[in-house]
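User: I'm new to reading protein models. Could you walk me through one, feature by feature?

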Amino acid sequence: MAFKLESNPLENNALFAPVAEEPAPAPAPEKKPAAKKTAPKAVKEEKPAETEEFIRATFIVRKDLLQDLKDYAYTERLEIKELINKILDTSLTKMKKDLEKQGVRLLHKE
C-alpha cells in the first residue's frame, strides 16, 4: 500500500496517511493477424563495392592523439569512425609497400 505524507514530519509528529492504489491499466485488445499477402519475389540487390564490413574494437590511445583526432574530424565534418578508417588505410598501405621493398610480407588470410 502506498503512503502519502500529510505534513512535514520535522514540524510536527505527522503520520503517514494511506493512499488508494491506482487501478491497473486495461490490457490492450488482441490484434487479429492480417491476411497473408503474396508479393512478387524480390530480386536480391547486390551490395555496392564501396560498402564495407565494420567491427567494433577498443584501443588505448594517448590523450593528445585522441584530441587531435577529434579536432580534425570536427574540422573536416567527418565521423571519427570514417577518419580512423581513412588514417589506418593510408598508413597501412604505405607500411605494406615499405615492407615489400624489404622483402617482408604481412600474414593474412586469403
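Analyst: Sure, let's go from the overall layout to the salt bridges and then to the pocket. One thing up front: this is a predicted model.

User: Okay, layout to begin with. How many helices and strands does the protein have, and what pattern do they follow along the sequence?

Analyst: There are 2 helices and 2 strands. Reading along the sequence, you meet them in the pattern β-β-α-α.

User: And what share of the residues counts as buried?

Analyst: For that you look at relative accessible area, where buried means under 20%. Here 4% of the protein's 110 residues count as buried. The exposed area of the protein comes to about 12,300 Å², and 58% of that is supplied by carbon and sulfur atoms.

User: Now salt bridges. What's the idea, and how many does the structure hold?

Analyst: Side chains of opposite charge can pair when their charged atoms come close. This structure holds 2 salt bridges. One joins D64 and R62, with the closest N and O atoms 3.0 Å apart. The other joins D98 and K94, where the closest N and O atoms are 3.3 Å apart.

User: How are D98 and K94 placed in helix α2?

Analyst: Helix α2 covers residues 80–101, and D98 and K94 sit 4 residues apart in it, so about one helical turn separates them.

User: Are the partners in these bridges buried or exposed?

Analyst: Let's take each pair in turn. R62 is exposed at 52% relative accessible area, while D64 is partly exposed at 41%. In the other pair, K94 counts as exposed, with 53% relative accessibility, and D98 is partly exposed at 32%. The cut-off helps here: exposed means over 50%, so R62 with 52% gets that label and D64 with 41% doesn't.

User: Last one, the pocket. How much space lies in the largest pocket, and which residues are closest to its centre?

Analyst: The largest pocket holds about 740 Å³ of space. Its lining has 16 residues, and those closest to the centre are A57, F59, I84, N85 and L88. The elements giving two or more residues to that lining are α1 (63–75) and α2.

User: Which element gives the most to the lining, and how do the lining residues divide by type?

Analyst: α2 gives the most, with 6 residues. By type, the lining of the largest pocket splits into 12 nonpolar, 3 charged and 1 polar.

User: So α2 comes up twice!

Analyst: Right: α2 holds both D98 and K94, and α2 also gives the most residues to the lining of the largest pocket.

Terms used. Residues numbered from 1 in each chain as written. Predicted model: local features only at pLDDT ≥ 70, side-chain atom pairs only at ≥ 80, totals over all residues. Heavy atoms only, no water. Salt bridge = Lys/Arg side-chain N within 4 Å of Asp/Glu carboxyl O. Buried < 20%, exposed > 50% of the residue type's maximum accessible area, 1.4 Å probe, protein only. 1 Å grid on protein atoms, 1.4 Å probe; cavity = no way out; pocket = protein on both sides within 12 Å on 5 of 7 lines; lining within 4 Å. Points joined across faces, edges and corners; volume = space filled by probe spheres on them. Nonpolar A, V, L, I, M, F, W, Y, C, P; charged D, E, K, R; others polar. Areas by Shrake-Rupley, 256 points an atom, 1.4 Å probe, with all protein chains shown as cover.
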